[in-house]
Amino acid sequence: MAKTIKCILVEVDKLLISEVEEIDAELGNPNCKLTNPVVFESLEKMKPLIEASSDIEFMIRSEDILTIADPTSEVIAKYKELTS
């Protein structure tokens, strides 16, 4: 899977916007790489996933993702503004 910007629901009330790349991994190990993930609360309120870290790449298991969706063009534009 190519790296693309997606909406990622990881908890019922926690939505992330991130570049996502599928990684080959053994069963049970993290197999999705999130680059520059931000927590989305609204178009005006987006913040880094872990503000206390300078890391920009995080691994997650696809089993921990509830759903993935395509963001709107406005969300993509704001995300790119925040992460460039």
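Let's start at glutamate 81, which counts as exposed because its relative accessibility is 56%, and the cut-off for exposed is over 50%. This is a predicted model, by the way, so every value here is computed from it. Glutamate 81 has a salt-bridge partner, lysine 78, and their closest N and O atoms sit 3.6 Å apart. Why do these two pair up along the chain as they do? Both belong to helix α1, which covers residues 73-83, and because they are three residues apart there, about one helical turn separates them. Lysine 78 is less open by class: at 23% relative accessibility, lysine 78 counts as partly exposed.

Now step back to the whole chain. Where does that helix fit in? The protein chain has one helix and six strands, and reading from the N terminus the order is β-β-β-β-β-β-α. In other words, six strands come before the helix.

How is all that packed? For 84 residues, a compact globule would have a radius of gyration near 12 Å, and the protein chain has 12 Å, so the two agree. If you drew a box around the C-alpha atoms along the principal axes, you'd need roughly 40 × 25 × 25 Å. Buried residues make up 30% of the 84 residues. Contacts tell you something about the fold too: among those between residues at least 6 apart in sequence, 48% join residues at least 24 apart.

On the outside, the protein chain exposes about 5,500 Å², with carbon and sulfur atoms supplying 50% of that area. As for charges, there are 9 positive and 17 negative ones, and the mean positions of these two groups are 4 Å apart.

Some of those charges meet, which brings us back to salt bridges. How many are there? The count comes to six. Besides the helix pair, one of them joins aspartate 64 to arginine 61, with their closest N and O atoms 2.9 Å apart. Aspartate 64 counts as partly exposed because its relative accessibility is 32%, and arginine 61, with a relative accessible area of 30%, is partly exposed as well.

Another salt bridge brings together the side chains of glutamate 41 and lysine 45, at 3.3 Å from N to O. Glutamate 41 has 44% relative accessibility, so glutamate 41 counts as partly exposed.

Which residues go beyond a simple pair? Look for Glu21, Lys33 and Glu57: salt bridges link these residues into a network.

Definitions and conventions:
Residues are numbered from 1 along each chain as its sequence is written. This is a predicted model: local features need pLDDT of at least 70, side-chain atom pairs count only at pLDDT 80 or more; totals for chains, interfaces and linings use all residues. Side-chain values use heavy atoms; hydrogens and water are left out. Helices (H or I, at least four residues) and strands (E, at least two) are DSSP runs, numbered from the N terminus. The radius of gyration is taken over C-alpha atoms; the globule rule is 2.2 Å times the number of residues to the power 0.38. Buried means under 20% relative accessible area, exposed over 50%, partly exposed in between (1.4 Å probe, protein chains only). Contact means heavy atoms within 4.5 Å. Accessible areas come from the Shrake-Rupley method with a 1.4 Å probe; for residues, only the protein chains shown count as cover. Lys and Arg count as positive and Asp and Glu as negative; His and the chain ends are not counted. The place of a charge is taken as NZ of Lys, CZ of Arg, CG of Asp or CD of Glu. A salt bridge is a side-chain nitrogen of Lys or Arg within 4 Å of a carboxyl oxygen of Asp or Glu.
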